[in-house]
Amino acid sequence: MAVTAESLQHTLVEEHEDPREHLMFDPKPRGEMNGMVMDSMLTTSWKFWVVFIALSILVAVFLFGAWGYLIANGLGVAGVNRPSYWGIFLVNTVFWVGISHAGTFVSALLRVFKAEFRRPITRAAELMTAFGLIQAGMCIFMHMGRVWLSYWLIPYPNGRGLWPNFHSPLAWDFLAITTYILASTMYLFLPLIPDLAMARDRSTGWRKVFFRILALGFRGTEGEWTHLRIAMGIFAFAILPVMFSVHTIVSWDFAAAMRPGWSSTIFGPYFVVGALQSGVAAVAMVVIFIRSSMKHMKYFIRPEHLDALGKLMLVISMAWAYFFFNDYMVQWYGGDKFTHYLMHFQESGPLGWMWFALLLCNVVIPWLLLWNRKVRRNPGLLFTIGLIINIGMWFERYIIIPVSLTINRMPFSWRMYRPGIEVALGIGTLAFFILLYMIATRLIPIVPVWEIQEGQMAHSLRKVGKATVKSVSELD
Amino acid sequence: MSEMKTLLALFEDIDPAVAAIDHLRDMGIRDEQINVISGIPLTESMLGRPRQWSNVPRLAAGGSIAGFLIGAFLAFVTPLLYPVSVGGQALIPGPPTIVVLFEMTMLGMLVSTFIGVFLDSTFPSYRPKEYVPEISDGKIAVLFNCPADNEMAFMNAMTNLGAQSIAPAELQKL
């Protein structure tokens with residue numbers, strides 16, 4: 001009886017919830033919302049500049065300084081060596097490609113399924129895609145060592161008789177990541193055009209010139225909206241298979257090799273879900289950071305959005321656990337001697353703590369906490385869980401790449417990987433990502449105002465019997 | 001034929017704007033002489049306007065075919081141009097070919113969709129055009145051509161239908 005009474009009480013509380021708690025039922029005049037977004041862009045506190053300068057120094061020293069040192073001294077200053085040829089460079093590549101997945105997932109998939117909570121957070125997520133892919137690309141170029149010879153990858157007649165083989169998994173990577181970075185940048189830009197036009201109309205000085213150039217002369221005529229709407233529809237559907245293909249192809253870099261721990265048919269979806277796991281957690285972190293650090297953002301980003309992201313994180317964490325266990329089970333049951341050596345090494349070797357930590361971060365903590373509505377709606381807690389998940393996912397990639405490379409089918413070559421300059425470069429890429437993001441928040445409207453107004457127009461409250469229920473109209 | 005004039009009527013909400021469009025038709029203004037400018041996408045069915053033509057889907061289809069052909073060149077022709085023979089392996093293997101074809105087809109489709117928006121909307125276009133900044137603040141502008149000698153009748157009609165302002169359209173630097 002107690003349970004029944006409790007659930008009844010919960011239902012009554014839900015029924016009497018003030019609809020204005022939801023962004024879609026708390027509209028403001030468009031001019032006011034525009035003003036709030038512009039104000040948030042133009043307001044820069046001293047804290048912003050302190051963080052900006054600190055990150056700039058980190059980028060200068062740890063990214064460009066360390067990269068310059070690497071170029072000057074060669075790959076010998078990095079820890080990559082036999083048998084772990086792919087160290088933190090590749091860990092970070094996979095990590096950043098994973099982060100980049102969330103932008104497309106949150107924006108495109110939720111647009112396709114008309115999930116309304118996406119509206120204020122799509123741009124923040126799309127920006128993550130673009131900036132995450134920049135970091136991933138840089139990690140690959142760092143790993144090349146002699147980066148000035150990277151043009152050798154381009155097919156052109158040359159005296160050395162070197163030609164790229166387009167059937168190689170590394171060429172697929174190149175094609176997939178290039179397709180994805182171009183597609184996600186275009187997908188970021190298209191819905192941004194109306195907001196750039198809004199910013200143009202409300203700016204002066206150099207910002208006016210900047211927004212004027214980027215707004216391309218957009219006015220909002222029927223034709224312009226039609227072309228934009230159709231294009232965004234095509235992008236939302238077409239970019240999803242590209243997103244899935246990118247991380248699947250990244251996984252094939254590993255799975256196509258006959259190495260213990262890597263040769264697995266489940267690696268494609270396992271990597272995709274892993275990417276979503278870290279990416280959606282990163283979106284939650286970014287959204288919470290924007291909400292707490294930028295003016296007026298509490299109006300646009302509300303506990304309902306954090307709640308929805310928290311649910312998404314929980315579901316994806318369950319999916320990740322499913323694929324992780326699938327991969328583990330088949331490798332364990334297979335009975336291959338070297339795979340068993342590797343599995344023991346992962347769990348009880350010097351980095352065994354990392355293997356258990358990844359389970360704690362990716363499964364135990366999210367499952368224990370994210371079922372709770374109060375936790376999901378608490379910005380500080382959700383941010384912390386997002387951070388923990390991302391640490392766990394970085395550990396997972398570390399276990400998959402350098403730790404798995406340690407144990408191969410030639411025991412005489414077994415050797416622990418000890419990172420060198422790549423640690424500094426990893427810190428540098430993280431700082432560069434945050435720096436780019438901070439600059440972007442001051443240069444472009446971080447909230448798609450027109451999408452929010454469109455959503456508020458589509459939402460209404462109606463009476464069903466004695467209850468007032470929320471309803472959404474199809475505007476397309 | 002009398003001289004034509006372009007007027008811009010600004011409305012707060014969609015309903016009076018739709019009523020104004022209907023009234024303009026009753027006053028003899030054809031659909032192609034009317035344009036609606038708004039800060040959010042208003043569909044043809046909301047405005048009661050004829051369907052807008054867009055080449056974007058056709059360009060996307062064309063782009064995907066072009067991408068497929070480039071992918072086919074990379075997958076089928078480059079191995080023949082410079083054979084890289086790896087012992088016991090096919091020169092043109094099947095499954096990797098699918099990967100190359102897929103990526104290039106999608107790239108072609110997405111790039112041409114993006115370019116399609118630019119072509120159909122004639123972006124970038126920075127020459128002065130009829131516009132008022134209030135549009136991006138949520139107002140709906142109905143822009144129409146009418147006979148200059150009947151301008152006052154149109155202005156009065158728009159005012160009576162709830163237009164916040166009605167004036168000859170001025171070119172704004174965008």
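Helices (H or I, at least four residues) and strands (E, at least two) are taken here as DSSP runs, numbered from the N terminus. The model described is a predicted one.

**Cis peptide bonds**

Pro124(B) is placed in the loop that connects helix H4 (94–120) of chain B to strand E3 (129–130) of chain B. The peptide bond leading into this proline, from Phe123(B) to Pro124(B), is cis, with omega near -15 degrees. Chain A also has a cis bond, from Arg82(A) to Pro83(A), with omega near 0 degrees. Pro83(A) belongs to the loop between helix H3 (46–73) and helix H4 (88–112) of chain A. As background, most peptide bonds are trans, and most residues other than glycine have a negative phi.

**Positive phi in chain A**

The table lists residues of chain A with a positive phi.

| Residue | Phi | Citation |
|---|---|---|
| Lys114(A) | about 55 degrees | not a glycine |
| His296(A) | about 65 degrees | not a glycine |
| Leu216(A) | about 65 degrees | just after H8(A) |

Lys114(A) sits in the loop between H4 and helix H5 (122–144) of chain A. Lys114(A) has 12 other C-beta atoms within 10 Å and is therefore exposed, since the cut-off for an exposed residue is 12 or fewer. His296(A) is found in the loop between helix H10 (267–293) and helix H11 (297–300) of chain A. With 17 other C-beta atoms within 10 Å, His296(A) is partly exposed.

Arg302(A) is located in the loop between H11 and helix H12 (303–334) of chain A. Its count is 18 other C-beta atoms within 10 Å, so Arg302(A) is partly exposed. Apart from neighbours within four places in sequence, Arg302(A) makes contact with Glu21(A) and Leu23(A). Between the C-alpha atoms of Arg302(A) and Phe52(A) there are 26 Å, and the two residues are 250 residues apart along the chain.

**Helix H8 of chain A**

Which residues of helix H8 (residues 205–215) of chain A are buried? They are Phe211(A), Arg212(A) and Ala215(A). These residues lie on the same side of H8(A), because the arc they cover around the axis is only 105 degrees. An α-helix has 3.6 residues a turn, so residues three or four places apart point the same way. Trp206(A) and Val209(A), on the other side of H8(A), are exposed. The packing partner of the buried residues of H8(A) is H7 of chain A. The positive phi of Leu216(A) comes just after the end of H8(A).

**Contact between the chains**

Chain A and chain B each contribute 49 residues to the contact. On the chain A side, the elements giving two or more residues are helix H2 (30–42), helix H6 (169–189), helix H7 (193–201), helix H9 (222–255) and helix H18 (449–458) of chain A. H9(A) gives the most, with 18 residues. By residue class, the side of chain A that touches chain B has 27 nonpolar, 13 polar and 9 charged residues.

**Domains and sheet of chain B**

The domain assignment divides chain B into domain 1 (4–40 + 138–172) and domain 2 (56–120). Taken over C-alpha atoms, the centres of domain 1 and domain 2 of chain B are 48 Å apart.

Chain B has an open sheet of 4 strands in the order E2-E4-E1-E5, with antiparallel pairing. Strand E2 (34–37) and strand E5 (165–168) of chain B are the edge strands, and each pairs on one side only. On average, and with direction ignored, neighbouring strands of this sheet are turned by 20 degrees against each other. Helix H1 (residues 14–26) of chain B packs on the sheet, where it touches E1, E2 and strand E4 (140–147) of chain B. The direction of H1(B) makes about 15 degrees with that of E4(B).

Strand E1 (residues 4–11) of chain B is paired with E5(B) in the antiparallel sense over 4 bridges, and Leu8(B) has Ala167(B) in E5(B) as its bridge partner. E1(B) and E4(B) run antiparallel and are joined by 8 bridges. Between E2(B) and E4(B), also antiparallel, there are 4 bridges. Which residue in E4(B) is the bridge partner of Leu10(B)? The partner is Ala141(B), and Ala141(B) is also the bridge partner of Ile37(B). E4(B) is largely enclosed by the rest of the structure, because 6 of its 8 residues are buried.

Key:
Residues are numbered from 1 along each chain as its sequence is written. Chains are lettered from A and ligands numbered from 1 in the order in which they are written. This is a predicted model: local features need pLDDT of at least 70, side-chain atom pairs count only at pLDDT 80 or more; totals for chains, interfaces and linings use all residues. Domain bounds come from an automatic or database domain assignment. A residue is buried if 20 or more other C-beta atoms lie within 10 Å of its own, exposed if 12 or fewer, and partly exposed in between; C-beta atoms are placed from the backbone. Two residues are in contact if their C-beta atoms, placed from the backbone, lie within 7 Å. Ala, Val, Leu, Ile, Met, Phe, Trp, Tyr, Cys and Pro count as nonpolar, Asp, Glu, Lys and Arg as charged, and the others, Gly among them, as polar. The arc is that of the directions from the helix axis to the C-beta atoms. Two strands pair if DSSP finds at least two bridges between them. Axes are lines fitted to C-alpha atoms, for helices over the stretch in contact, and angles run from 0 to 180 degrees between N-to-C directions.
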